[in-house]
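Open your viewer, switch to a cartoon view and keep the selection box handy. We will walk from one stop to the next, with something to select each time.

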Amino acid sequence: MRMIDLILKKRNNEELTKEEIHFIIEGYTNGQIPDYQVSALLMAIYFNGMTNEERLNLTIAMLKSGEEINLSKIKGIKCDKHSTGGVGDKTSLVVGPLAAACGVKMAKMSGRGLGHTGGTLDKLESIPGFNISISADDFHRQVNEIGIAIIGQTANITPADKLLYSLRDVTGTVESIPLIASSIMSKKLASGADNIVLDVKVGEGAFMKNIDEATKLAEGMVSIGNLANRKTVAVLTAMNEPLGCAVGNSLEVIEAIETLKGNGPKDFLELCIYFVTEILIVCGICKDDAEAHALVEEKINNGEGLNKLAEMIRYQNGNQNVINDYSILGSAEEIIEVKYFGKMPVYVEKLDALMIGEAAMLLGAGRETKEQAIDPTVGVVLNKKIGDKVLPDDVIAYVHTNGKNTTNAIEMIFNAYRFNNKEITKTNKILKVVR
Ligand code: URA
């Protein structure tokens, strides 16, 4: 087989076979096929797309390029939940413990934040002592005993995806639905869960900017998951404004804990309940929405979801007292009120998630390059969200700062808001489900 023939085949919009795709991925991973040939192939895929069969074969080839996590030692129904990433997205910190409290085994590998989106691992690491790199044996033991563990991805998972992703980044081929779908699903399949629930974020603060593109991505991932014999569901959710109110690592941990206590922001709480409901149905623990919904509410009201989070923190060496004492997380030196200075009452019409994410990043909550350290205590807490009424002098947001880029961050927050004197209706965060 010669790589040049495969490039020509894809350029001419013909279907690559399983053997050909495996040849490409193996050759690229072991250094026999050079970057320039793979770049040409990626561009041909970008323009001509891939069939469902090709996407599955690409996913499996990337999966086979590295280590697969074997969860067979874990008893019970295993589920993974994945989000394509957004601003203020601390969903896993609430959905994981609640699903585990309902009897699902949540063996979860998460990532770090890059750019304006935060990562679950950075949020967890803002809890003193929390360890995200436990051994495979401890990971299995913990999930068996308490039903949940959240750890970082091991270095050896899908090395082909890491190489391809870096190449896509510099060849203008990141935004290809088959390539994104295979990239995400290769990692999900490698992490071993039987059931996969995907949160595909849509909007300015997300990777997918509109619902049509997001639907295509969701359908692509669900089709790969199902063809690989994993029950897979994708939910499209709105990222037109940040999720909840807190954006910044320890601030988001506090909001997640409050949500498990039943006091979280309404949009965030509803989204979390929705995801746990989906998980319970996909995993066959509940037969319908009504039964699942009732079970999740019970686990919030009786505190079992919160206890599960505390247990996970304790198992992973974190200080579980954080559940009742937020001072353990430390705090920023200064909290600055950002006020609305108009003279007339207005409603929030727009709240740009991307700008709020970037403001938090400027303060030090996120990183621009993978090597940068983050400041867990800084960030933004939104006091007004889309549809809220704002009176003159009302605080629209609080900036938690240690002095880094504060003025720029405040300016960015002002620019993120757009007001209207007419009433604005709040829209639903759940946009669509692809099964
Ligand atoms: N996230 C991934 O893991 N891969 C992509 O290609 C895009 C987003």
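Start with a small pair: select isoleucine 335 and histidine 400, which stand opposite each other, the histidine being in β11. A word before going further: residues are numbered from 1 along each chain as its sequence is written, and this is a predicted model, in which local features need pLDDT of at least 70, side-chain atom pairs count only at pLDDT 80 or more, and totals for chains, interfaces and linings use all residues. Side-chain values use heavy atoms, with hydrogens and water left out.

**Stop 1: the four-stranded sheet**

Now show β7 and β11 (residues 395-401), which run antiparallel and are joined by six bridges. Strands such as these are DSSP runs of E with at least two residues, while helices are runs of H or I with at least four, both numbered from the N terminus. Two strands pair if DSSP finds at least two bridges between them.

Widen the selection to the whole open sheet, whose four strands follow the order β6-β9-β11-β7 with antiparallel pairing. At the edges you find β6 (246-247) and β7 (334-339), each paired on one side only.

Step across from β6: two bridges link this strand to β9 in the antiparallel sense, and valine 247 stands opposite valine 380 in β9. Next, β9 and β11 run antiparallel with four bridges between them; pick leucine 382 and you will see alanine 397 of β11 opposite.

Then add helix α15 (residues 353-363), which lies across β6, β9 (379-382) and β11 and runs at about 140 degrees to β9. Contact here means heavy atoms within 4.5 Å. Axes are lines fitted to C-alpha atoms, for helices over the stretch in contact, and angles run from 0 to 180 degrees between N-to-C directions.

**Stop 2: the six-stranded sheet**

Select the strands β3-β2-β1-β4-β5-β13, given here in their order in an open sheet of mixed pairing. Its edge strands are β3 (148-152) and β13 (430-434), each pairing on one side only. On average, neighbouring strands of this sheet are turned by 20 degrees against each other, direction ignored.

Zoom in on β4 (residues 195-202) and β5 (residues 231-238): they run parallel, joined by eight bridges. Leucine 198 has alanine 234 in β5 as its bridge partner.

Which strands does helix α9 (residues 177-190) touch? They are β1 (78-83), β2 (105-110), β4 and β5, and the helix direction makes about 150 degrees with that of β4. Helix α12 (residues 266-282) lies across β1, β2, β4, β5 and β13, also at about 150 degrees to β4.

**Stop 3: the ligand**

Show the ligand and the residues around it: Tyr165, Arg168, Ile180, Ser183, Ile184, Lys187 and Phe207. A residue is included if one of its heavy atoms lies within 4 Å.

Three polar contacts deserve a click (a pair of N or O atoms within 3.5 Å):

- Arginine 168 places a polar side-chain atom 2.9 Å from a ligand oxygen atom.
- Serine 183 has a side-chain N or O atom 2.6 Å from a nitrogen atom of the ligand.
- Lysine 187 has a polar side-chain atom 2.5 Å from an oxygen atom of the ligand.

**Last stop: two crossing helices**

Finish with helix α5 (residues 91-101) and helix α14 (residues 304-315), whose axes come within 8 Å and cross at roughly 110 degrees. Therefore α5 and α14 are roughly perpendicular to each other, a label used for 65 to 115 degrees. To see the meeting point, show Leu93, Pro97, Leu98, Ala100 and Ala101 in α5 with Glu304, Gly305, Lys308 and Leu309 in α14.

Technical notes:
Parallel < 35°, antiparallel > 145°, perpendicular 65-115°, else oblique. Polar contact = N/O pair within 3.5 Å; in protein donor to acceptor, adjacent residues only side chain to side chain.
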